[in-house]
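Me: Please take a close look at one part of this structure, the aromatic pairs and what surrounds them. I am new to it, so go step by step.

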Amino acid sequence: MSAFSFLPFQNLESERLLLRQITSNDVNEIFELRSNPETMKYIPRPLVISIDEAMDHIKMIQDKIETNEGINWAITLKGSPKMIGIIGHYRIRWEHFRSEIGYMLLPEYHGKGLITEAIELMIKYGFDDMKMHSLEAIIDPDNTASARVLEKNNFVKEAHILQNEFYDGKFLDTVIYSILNNS
C-alpha cells in the first residue's frame with residue numbers, strides 16, 4: 001500500500017477548468033449524469049433513478065477518497081460552481097504503480113476539448129503526485145469519441161478484449177488504452 005493520501009483534497013486547474021471536490025450540492029448534476037441513457041451509453045452500470053441514489057453515489061466517492069481507494073473531481077468551468085462532469089482515478093493498484101482513469105461529461109459540453117484538458121490534469125496528477133508508472137482507461141470499443149480523446153492525450157491502445165464483461169444479459173468487449181510515465 002502507498003503512503004500517499006488524497007487528503008487534504010487538492011483542487012486542480014487548467015486554462016478553462018477547475019476540478020474540485022464533489023459535494024452534496026452536486027447531487028442534481030450527479031443525478032443528471034448518471035440517469036441519462038446517452039451519458040451512460042458506454043458505461044455498463046445501472047442508471048441512477050432517484051436523488052437518493054445520486055446522494056449514495058456521492059457518499060461512495062467520498063468514502064473512496066477517505067480510504068485512499070480512488071479519487072474523483074467535479075469538472076467545472078472556471079468562474080462557475082456548476083459541475084459539468086466528473087473525472088478521477090479508479091481501481092488504483094498502488095503495488096503496481098498503475099491506476100485507471102474515467103470521466104463523464106454532460107452532453108451539452110461534448111466536443112469543446114474540455115475532457116482533453118481534464119485528462120491532461122489527471123495525467124499530471126497521476127504521474128507527479130501519485131507517482132504512478134502507468135495510467136489506463138478502459139472503454140467500450142464503440143466509444144470512438146473517447147478513443148480519440150485518449151489518443152489526443154498520447155494514450156495508446158493496449159488491448160481489445162473480447163466479451164470479458166457481462167452486463168444486462170450480454171457479453172461486452174472492452175478496449176484498454178494506457179500511457180506510461182517516461183519522465
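Reply: In this predicted model, a search of the whole structure turns up seven aromatic pairs. In one of them, the ring centres of Phe4 and Tyr125 are 6.1 Å apart and the planes meet at 75°, so this pair counts as edge-to-face. Phe4 belongs to the segment before strand 1 (12–13), while Tyr125 sits in helix 3 (residues 114–129); the pair thus links distant parts of the chain, 121 residues apart. Phe4 and Tyr125 are both buried.

Tyr125 also takes part in a pair with Trp73. Here the ring centres are 5.0 Å apart and the planes stand at 80°, so this pair is edge-to-face as well. Again distant parts of the chain are linked, with Trp73 in strand 3 and Tyr125 in helix 3, 52 residues apart. Trp73 is buried, as is Tyr125. Phe4, Trp73 and Tyr125 are among the members of one aromatic cluster, which also includes Phe6, Phe9 and Trp94.

Phe6 deserves a separate look. Leaving out residues up to four places away in sequence, Phe6 touches Ile65, Asn68, Glu69, Gly70, Ile71, Ile92, Trp94, Tyr125 and Met130. Two of the cluster members, Phe6 and Trp73, also appear among the residues with the most contacts inside the largest nonpolar core, together with Ile75, Ile87, Ile119, Leu150 and Phe155. That core has 53 residues, and helix 3 gives the most to it, with nine residues.

Helix 3, which carries Tyr125, can be described further. Of its 16 residues, 12 are buried, so helix 3 is largely enclosed by the rest of the structure. The buried ones are Leu114, Ile115, Thr116, Glu117, Ala118, Ile119, Leu121, Met122, Ile123, Tyr125, Gly126 and Phe127. Its length can be checked too: at 1.5 Å a residue, helix 3 should span 22 Å, and its end C-alpha atoms are 22 Å apart, which agrees. Just after helix 3, Lys131 has a positive phi of about 65°.

Strand 3, home of the other ring in the second pair, covers residues 71–77 and is mostly covered, with six of its seven residues buried. On one side, strand 3 pairs with strand 2 (residues 17–20) in the antiparallel sense over four bridges. Within this pairing, Arg20 has Ala74 as its bridge partner, and Leu17 stands opposite Leu77. Strand 3 is also joined by six bridges to strand 4 (residues 83–93), and these two strands run antiparallel as well. Thr76 stands opposite Met83 of strand 4. Strands 3 and 4 form a hairpin with five residues between them, and in the turn Gly79 has a positive phi of about 90°.

These strands are part of a wider arrangement. Eight strands make up an open sheet in the order 1-2-3-4-5-6-8-7, and the pairing is mixed. Strand 1 and strand 7 (156–167) stand at the edges with a single partner strand each, so one side of each has no neighbour in the sheet.

A residue from strand 8 (residues 170–180), Leu172, gives a view of another part of the sheet. Leu172 is partly exposed, with a relative accessible area of 22%; the cut-off for buried is under 20%. The C-alpha atoms of Leu172 and Leu162 are separated by 7.1 Å, although the two residues lie 10 residues apart along the chain. Setting aside its neighbours within four places in sequence, Leu172 is in contact with Pro44, Gln163, Asn164, Glu165 and Tyr167.

Now for the chain as a whole. The chain has four helices and eight strands, which follow the pattern β-β-α-α-β-β-β-α-β-α-β-β along the sequence. Of its 183 residues, 47% are buried. For a chain of 183 residues, a compact globule would have a radius of gyration near 16 Å, and the chain has 16 Å, which agrees. The C-alpha trace spans about 40 × 40 × 35 Å along its principal axes. Among contacts between residues at least 6 apart in sequence, 62% join residues at least 24 apart. The pairs of Tyr125 with Phe4, 121 residues apart, and with Trp73, 52 residues apart, are examples of links between distant parts of the chain.

Methods
Residues are numbered from 1 along each chain as its sequence is written. This is a predicted model: local features need pLDDT of at least 70, side-chain atom pairs count only at pLDDT 80 or more; totals for chains, interfaces and linings use all residues. Side-chain values use heavy atoms; hydrogens and water are left out. Buried means under 20% relative accessible area, exposed over 50%, partly exposed in between (1.4 Å probe, protein chains only). Two strands pair if DSSP finds at least two bridges between them. Rings of Phe, Tyr and Trp (its six-membered ring) pair if their centres lie within 6.5 Å; planes under 30 degrees apart count as stacked, over 60 as edge-to-face and the rest as tilted. A nonpolar core is a set of buried Ala, Val, Leu, Ile, Met, Phe, Trp, Tyr and Cys residues joined through side-chain atoms within 4.5 Å. Contact means heavy atoms within 4.5 Å. The expected span of a helix is 1.5 Å times one less than its number of residues. The radius of gyration is taken over C-alpha atoms; the globule rule is 2.2 Å times the number of residues to the power 0.38.
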